[in-house]
Amino acid sequence: MTFTHPELNLTDPTQGFAHFVLYTEPHLSVAGAAWNATIIIERQSSYVREWLDRIQRCDPNPLHTTLVDNHKIPRLFHPCVDEDADSPSAVAGSGCTCCRTWYDPASGLPVVGEHFRTRGGDTDRWTYTTYAPLDLRPGDTFHAVIIDRASRLFWIRTGAGSLSFVPEHLSRGYDVGRSGGGPDAFAQYLSQLVASGGQDTAVAIPASEQSIDPQLRAWVTSQDAARTQELTLRDLNAIRQR
Ligand SMILES: [Zn+2]
């Protein structure tokens with residue numbers, strides 16, 4: 001990196017999008033996140049429902065266009081078949097392939113929902129796409145990390161009770177219950193969290209063997225980790241000291 005700007009450290013959504021840098025390859029018509037991991041939400045859970053209750057409908061903006069394939073960008077502006085039976089995204093009167101746009105008031109990050117309903121409604125589902133933050137907001141404190149097996153997502157509960165996706169870098173992709181890059185990335189994040197007494201909540205990069213606690217890695221790759229649970233700093237310390 002040859003240029004840094006102090007304003008890129010903004011994590012206050014009232015001032016702008018948090019830690020967000022666009023990456024583009026214009027010759028391929030590609031524009032997306034440079035650093036933030038994409039989160040795809042295909043399965044429900046109590047945590048997903050809590051997050052869905054929080055996000056706010058809004059008009060599409062350029063950041064939403066980075067969350068869908070280019071050919072789907074027009075759908076961001078189409079009404080749902082439920083709102084307009086003649087919508088360009090309506091299929092045979094009752095099916096629908098619309099997109100709907102929100103923002104997360106806690107992080108400022110964009111959210112796109114893609115609707116897929118077959119004619120007659122036998123299949124009717126929404127898939128949500130958003131970005132993970134790169135850190136908690138300034139002033140937010142860590143309370144617990146949540147392994148949410150129903151949705152296969154990873155969350156943090158802050159000291160104020162708010163839910164955040166675990167900060168995640170573009171190429172990582174957290175996982176548990178097996179060995180591999182995703183579990184190593186999650187073990188590294190937990191290692192950094194524990195080593196800092198819960199203070200360092202930013203994405204943990206670059207990956208290095210030395211930065212992963214062996215006890216935390218052993219636990220993350222075990223089946224003990226592969227169930228829904230909330231872990232405080234005390235729980236994580238207990239795992240590390242086994
Ligand atoms: Zn729709």
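## Helix H3 and its surroundings

The buried residues of helix H3 are Pro183, Asp184, Ala185, Phe186, Ala187, Gln188, Tyr189, Leu190, Ser191 and Leu193. These assignments, like everything reported here, refer to a predicted model. The cover over the buried residues of H3 includes strands S10 and S11 together with helix H4 and helix H5 (233-240). The helix has 15 residues, and at 1.5 Å a residue it should span 21 Å; its end C-alpha atoms are 21 Å apart, so the expected and modelled spans agree. Just after H3, Gly197 adopts a positive phi of about 65°.

Two positions in this helix merit separate description. Asp184, which is placed in H3, counts as buried because 20 other C-beta atoms lie within 10 Å, and 20 is the number at which a residue is classed as buried. The C-alpha atom of Asp184 is 24 Å from that of Ser45, a residue 139 positions away along the chain. For Phe186, the contacts beyond four places in sequence are with Phe154, Tyr174, Asp175, Val176 and Val220.

## The largest nonpolar core

The largest nonpolar core contains 48 residues, of which Phe154, Trp155, Val166, Phe186, Leu190 and Val220 touch the most other members. At least two residues of this core are supplied by each of strand S3 (38-41), helix H1 (46-54), strand S7 (99-103), strand S8 (110-117), strand S10 (142-148), strand S11 (153-158), helix H3 (181-195) and helix H4 (214-220). H3 provides the largest share of the core, six residues. Both domain 1 (17-131) and domain 2 (142-240) contribute at least three residues to this core.

As a general background, nonpolar side chains tend to be buried together in soluble globular proteins.

## Domain arrangement

The protein is divided into domain 1, residues 17-131, and domain 2, residues 142-240. The C-alpha centres of the two domains lie 27 Å apart. Across the boundary, 14 residues of domain 1 are in contact with 15 residues of domain 2. On the side of domain 1 that touches domain 2, S3 and H1 each supply at least two residues, and the largest share, four residues, comes from H1. By character, the residues on this side of domain 1 comprise nine nonpolar, three polar and two charged.

## Strand pairing

Strands S10 and S11 pair in the antiparallel sense over six bridges. Within this pairing, Ile147 stands opposite Phe154 in S11. The two strands form a hairpin with four residues between them, and Arg152 in the turn has a positive phi of about 65°. S10 also pairs with strand S13 (residues 229-232), again in the antiparallel sense, over four bridges. There, Val145 has Leu231 in S13 as its bridge partner.

A further antiparallel pair consists of strand S1 (residues 22-25) and strand S2 (residues 30-33), joined by four bridges. Leu22 has Ala33 in S2 as its bridge partner. The hairpin of S1 and S2 has four residues between the strands, and Ser29 takes a positive phi near 55° in this hairpin.

## Loop residues

Two loop positions have a positive phi in a residue other than glycine. Ala92 has a phi near 55° and is placed in the loop between strand S5 (90-91) and strand S6 (95-96). Ala92 is exposed, because 10 other C-beta atoms lie within 10 Å and a residue with 12 or fewer is classed as exposed. Arg152, with a phi near 65°, lies in the loop between S10 and S11. With 15 C-beta neighbours inside 10 Å, Arg152 falls between the limits of 12 and 20 and therefore counts as partly exposed.

Gly108 lies in the loop between S7 and S8. Because Gly108 has 21 C-beta neighbours inside 10 Å, where 20 or more are required, this loop residue counts as buried. Gly108 and Ile156 are 48 residues apart along the chain, and their C-alpha atoms are separated by 17 Å.

Terms used:
Residues are numbered from 1 along each chain as its sequence is written. This is a predicted model: local features need pLDDT of at least 70, side-chain atom pairs count only at pLDDT 80 or more; totals for chains, interfaces and linings use all residues. A nonpolar core is a set of buried Ala, Val, Leu, Ile, Met, Phe, Trp, Tyr and Cys residues joined through C-beta atoms within 7 Å. Domain bounds come from an automatic or database domain assignment. Two residues are in contact if their C-beta atoms, placed from the backbone, lie within 7 Å. Ala, Val, Leu, Ile, Met, Phe, Trp, Tyr, Cys and Pro count as nonpolar, Asp, Glu, Lys and Arg as charged, and the others, Gly among them, as polar. The expected span of a helix is 1.5 Å times one less than its number of residues. Two strands pair if DSSP finds at least two bridges between them.
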